[in-house]
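Colleague: Could you take me on a close look at the ligand site in this model? I'd love to hear about the contacts and the surroundings, and then whatever else along the chain deserves a glance.

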Amino acid sequence: MLNGKHILLGITGGIAAYKCAALARLLVKKGAEVKVVMTPIARQFVTPLTMATVTKNPIVVDFFDPENGAWNSHVSLGMWADLYLIAPATANSIGKMAHGVADNLLLTSYLSAKCPVFIAPAMDLDMYAHPTTTRNLETLKADGVHIVEPESGFLASGLEGKGRMAEPETIAEAVDAFFEEKQDLAGKTVVITAGPTYEKLDPVRFIGNYSSGKMGFAIAEECAKRGAKVKLIAGPVSVKAVHENIERIDVESALEMRDAAVRLANDADIIVLSAAVADYRPATMADHKIKREKTGAMTIELVPNPDIAAELGKMKKDGQLIFGFALETNDEQFNATGKCERKNFDFIVLNSLNDKNAGFRYDTNKVTIIDRDGSITPYDLKSKVLVAKDIIDYTIKKLNK
Ligand code: CTP
């Protein structure tokens with residue numbers, strides 16, 4: 001997909017810069033033309049000679065060439081690029097980007113770039129977890145910058161945690177996927193449930209769960225990008241749906257989610273059950289705030305909620321494809337296979353809580369697809385955006401069988 005695309009690769013001064021030769025090579029192999037702009041410190045981690053050899057283009061670092069005064073124009077670099085990829089992006093450069101600081105050519109190129117910008121953060125775990133970094137990344141996200149999430153593992157500091165730059169393959173795949181404009185879901189309607197449900201106890205309290213809705217929303221964006229009309233039934237979440245093909249139906253409780261899903265299911269070609277539906281709700285909702293009792297424990301009676309997936313599984317029409325998710329802590333494959341059959345899914349996507357950085361609240365996920373035909377397909381730990389792409393690729397293969 002990168003054939004003929006112009007990628008401007010910005011390298012900032014972090015140890016992960018040594019991986020940029022491999023990254024540039026992957027982009028070149030995928031057909032891209034790559035030019036490199038480096039911060040002065042990045043030169044100490046990977047040499048301009050290495051990068052120039054891999055990309056077959058001269059590297060720019062300074063605003064002008066001290067030998068002959070030739071001007072390196074950040075404006076023309078920005079105009080040339082179809083995509084600007086900054087990898088690794090250090091905490092320092094991320095901070096500068098978020099605040100409009102323009103004290104090197106990499107940053108002036110960022111400010112003048114009109115093309116999409118991707119960054120692959122890389123730093124020590126504490127720097128990554130610092131509220132300042134979180135704030136700066138949020139600012140960049142809000143400015144439309146795409147973030148290729150860092151991974152967890154051993155860091156240059158000797159510590160272990162999240163902050164390691166995503167592998168060159170993951171970054172190259174994210175860039176590639178961005179340019180991919182398959183419309184292989186054109187004409188299809190997809191209904192998706194996502195996020196948690198809140199079951200009210202009284203006007204100010206509820207029983208809920210940690211689901212962020214990110215996985216379901218990523219699937220919604222992927223389907224919409226590929227041409228589907230998407231109806232996204234969302235529990236209470238802060239994540240936003242962006243694509244114009246997505247119609248969002250906001251609900252709060254399992255009963256509201258069930259009503260919306262049953263109403264929309266009949267017109268769906270594909271149904272995705274990714275919501276973390278509360279299995280039980282309080283038998284009654286107090287119409288006033290429940291007061292603390294002076295003594296003794298409090299008991300809340302719970303009644304079962306409908307199993308939305310099982311209901312839709314029973315209503316399933318010929319040619320309709322339904323899949324759901326299973327989050328398991330033990331006997332993962334056995335439990336997931338049972339769920340898949342009970343709910344009449346075509347396949348089930350298994351998240352294991354035993355996998356680090358996967359599942360609830362994380363931006364990354366590691367899944368295994370268990371199919372009714374008995375096949376099992378494991379995937380690597382990836383950003384939820386790339387996991388959504390894998391799942392939809394699988395869905396389409398299955399639809400076309
Ligand atoms: N699901 C649903 N409605 C429910 C419960 C679950 O639609 N009331 C869907 C979920 O969206 C998911 C799948 O069913 O796709 C499996 O969810 P999970 O909570 O793992 O299944 P349960 O049947 O509730 O099993 P468990 O006993 O493990 O909670």
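Modeller: Happy to! Keep in mind that this is a predicted model. A good place to start is Lys-343, where a polar side-chain atom lies 2.7 Å from an oxygen atom of the ligand. The backbone takes part as well: a polar backbone atom of Ala-275 is 2.7 Å from a ligand oxygen, and a polar backbone atom of Ala-309 is 2.9 Å from an oxygen atom of the ligand. As for cover, the ligand on its own has 570 Å² of accessible area, and the protein covers 76% of that.

Now step back to the surroundings. The ligand sits in the second largest pocket. Besides the three contact residues, the shell around the ligand includes Leu-273, Val-277, Asp-279, Pro-306, Asp-307, Ile-308, Gly-324, Phe-325 and Lys-339. Sorted by class, this shell has 7 nonpolar residues, 4 charged ones and 1 polar one. Two elements, α11 (308–315) and β16 (321–328), each supply at least two residues of the shell.

Away from the ligand, there is an open sheet of 5 strands, with parallel pairing and the order β2-β1-β3-β4-β5. At its edges stand β2 (33–38) and β5 (146–147); each has a single partner strand, so one side of each is left without a neighbour in the sheet. Within this sheet, β3 (residues 83–89) runs parallel to β4 (residues 117–121), and 4 bridges join them. One pair to look at is Ile-86, whose bridge partner in β4 is Ile-119. Strand β3 also holds Pro-88, and the peptide bond from Ala-87 to Pro-88 is cis, with omega near -5°.

That cis bond has a companion on the list of backbone details. Most residues other than glycine have a negative phi, and most peptide bonds are trans. Lys-56 has a positive phi, near 60°, and this lysine lies in the loop between α2 (48–55) and α3 (74–80).

For a contrast with the parallel sheet, have a look at β9 (residues 199–202) and β10 (residues 205–207), which pair in the antiparallel sense over 3 bridges. These two strands form a hairpin with 2 residues between them, and Lys-200 stands opposite Phe-206 in β10.

Notes:
Residues are numbered from 1 along each chain as its sequence is written. This is a predicted model: local features need pLDDT of at least 70, side-chain atom pairs count only at pLDDT 80 or more; totals for chains, interfaces and linings use all residues. Side-chain values use heavy atoms; hydrogens and water are left out. A residue is near a molecule or strand if one of its heavy atoms lies within 4 Å of it. A polar contact is a pair of N or O atoms within 3.5 Å; within protein, one must be able to donate a hydrogen and the other to accept it, and residues adjacent in sequence count only if both atoms are side-chain atoms. Accessible areas come from the Shrake-Rupley method with a 1.4 Å probe; for residues, only the protein chains shown count as cover. On a 1 Å grid over the protein atoms alone, a cavity is a set of points where a 1.4 Å probe fits but cannot get out, and a pocket is an open set with protein on both sides within 12 Å along at least five of seven lines; lining residues have an atom within 4 Å of a point. A molecule sits in a cavity or pocket if more than half of its atoms lie within 2 Å of its grid points. Ala, Val, Leu, Ile, Met, Phe, Trp, Tyr, Cys and Pro count as nonpolar, Asp, Glu, Lys and Arg as charged, and the others, Gly among them, as polar. Two strands pair if DSSP finds at least two bridges between them.
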